[in-house]
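Me: I would like a close look at a single part of this model, with its surroundings and its backbone described carefully. Please take one helix and the loop that comes after it, and then place other local features beside them.

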Amino acid sequence: MIPARYSATRFPGKLMQTLGDKTVIRHTYENTVATRLFDEVIVVTDSDIIFQEIIKNGGYAIMSRKNHESGSDRIAEALADLEVDIILNVQGDEPFINRQSLQNLLAVFNDTQNPVQVASLMKIITDMELINNPNCVKVTVDGNMNSLLFSRSAIPYLRDKESLAVYYQHIGVYAFRKPALINFTNWNPTPLEIAEKIECLRYLEHGISLKMVITSHTGISIDTPFDLQKAREVFTHQTKS
């Protein structure tokens, strides 16, 4: 499922900007389909412009209400009447899909001994400027790679400066079982979630850990015109390679 709003706060209309001869949302959709990991790939949008962009190019799109608080809410509305088991949320503004990362994320749901309800991606970071940047969400995990806490603060705090702590940046790609996602959208926002403005804390505050999967892939999330320029440079380089 690819939630896709047209009127993004920081960069309205970003999904209809172009990389080469295709829009950002079309690249995201087609590259997700090309992974061949999914029975179905669906764009869920509140915009007729985005809906038509996908439909007229042979894709599958669903119109949703405009007043959703999050992509998870938008997806939950769309799949309420669909027979599905595992749902993966791909952000519409990340056109450079990494197949291996998504495959590794889906693989954790094969564990029948310890069934996973929700899973997400993370990567190791060492840049202290990034570690201390509140725009970078960090996550700590237990020995089984289950999430303990998400925060915009630098976690863990290095009381012992000689310790060998590992810092992980949370990558906002999620996979859910349908009941877990439906439950999430029925719960009210929780205190930590409201304080940190981190959606997945709602799961933790209801006793559900996220299974975290390490990735080394660094994609480009197009949140600003500067990000779009970087994406165009990467696309041009890939096209020439």
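**Helix α1 and the residue after it**

Reply: R36 is exposed, because its relative accessible area of 74% is over the 50% cut-off. The model is a predicted one, and within it R36 lies in the loop between α1 and β4. R36 comes after helix α1 and has a positive phi, near 60°, although R36 is not a glycine. Most residues other than glycine have a negative phi, and most peptide bonds are trans.

The helix that precedes this loop, α1, spans residues 24–34, and its buried residues are V24, I25, H27, T28, Y29 and T32. An α-helix has 3.6 residues a turn, so residues three or four places apart point the same way. The buried residues of α1 pack against strands β1 (2–4), β2 (18–19), β3 (22–23) and β4 (43–45), and also against helices α2 (48–55) and α9 (225–240). Strand β4 therefore appears twice in this picture, as one of the elements that the buried residues of α1 pack against and as the far end of the loop that holds R36.

A backbone feature like that of R36 is found at K197, which also is not a glycine and has a positive phi of about 60°. K197 is placed in the loop between α7 (191–196) and α8 (201–204), and K197 counts as exposed because its relative accessibility is 60%.

The peptide bond from I155 to P156 is cis, with omega near 5°, and P156 sits in the loop between β9 and β10 (167–177). Strand β9 itself (residues 147–151) contains L148, which is exposed, with a relative accessible area of 51%. Leaving aside neighbours within four places in sequence, L148 is in contact with T140, V141, D142 and L204. The C-alpha atoms of L148 and L201 are separated by 9.8 Å, with their positions 53 residues apart along the chain.

To return to the helix, V24, one of the buried residues of α1, has its C-alpha atom 35 Å from that of D111, and the two residues are 87 residues apart along the chain. D111 is found in the loop between α4 (99–107) and β7 (118–125), where the side chain of D111 reaches the backbone nitrogen of N114 at 3.1 Å. Because its relative accessibility is 31%, D111 counts as partly exposed.

Definitions and conventions. Residues are numbered from 1 along each chain as its sequence is written. This is a predicted model: local features need pLDDT of at least 70, side-chain atom pairs count only at pLDDT 80 or more; totals for chains, interfaces and linings use all residues. Side-chain values use heavy atoms; hydrogens and water are left out. Buried means under 20% relative accessible area, exposed over 50%, partly exposed in between (1.4 Å probe, protein chains only). Helices (H or I, at least four residues) and strands (E, at least two) are DSSP runs, numbered from the N terminus. Contact means heavy atoms within 4.5 Å. A polar contact is a pair of N or O atoms within 3.5 Å; within protein, one must be able to donate a hydrogen and the other to accept it, and residues adjacent in sequence count only if both atoms are side-chain atoms.
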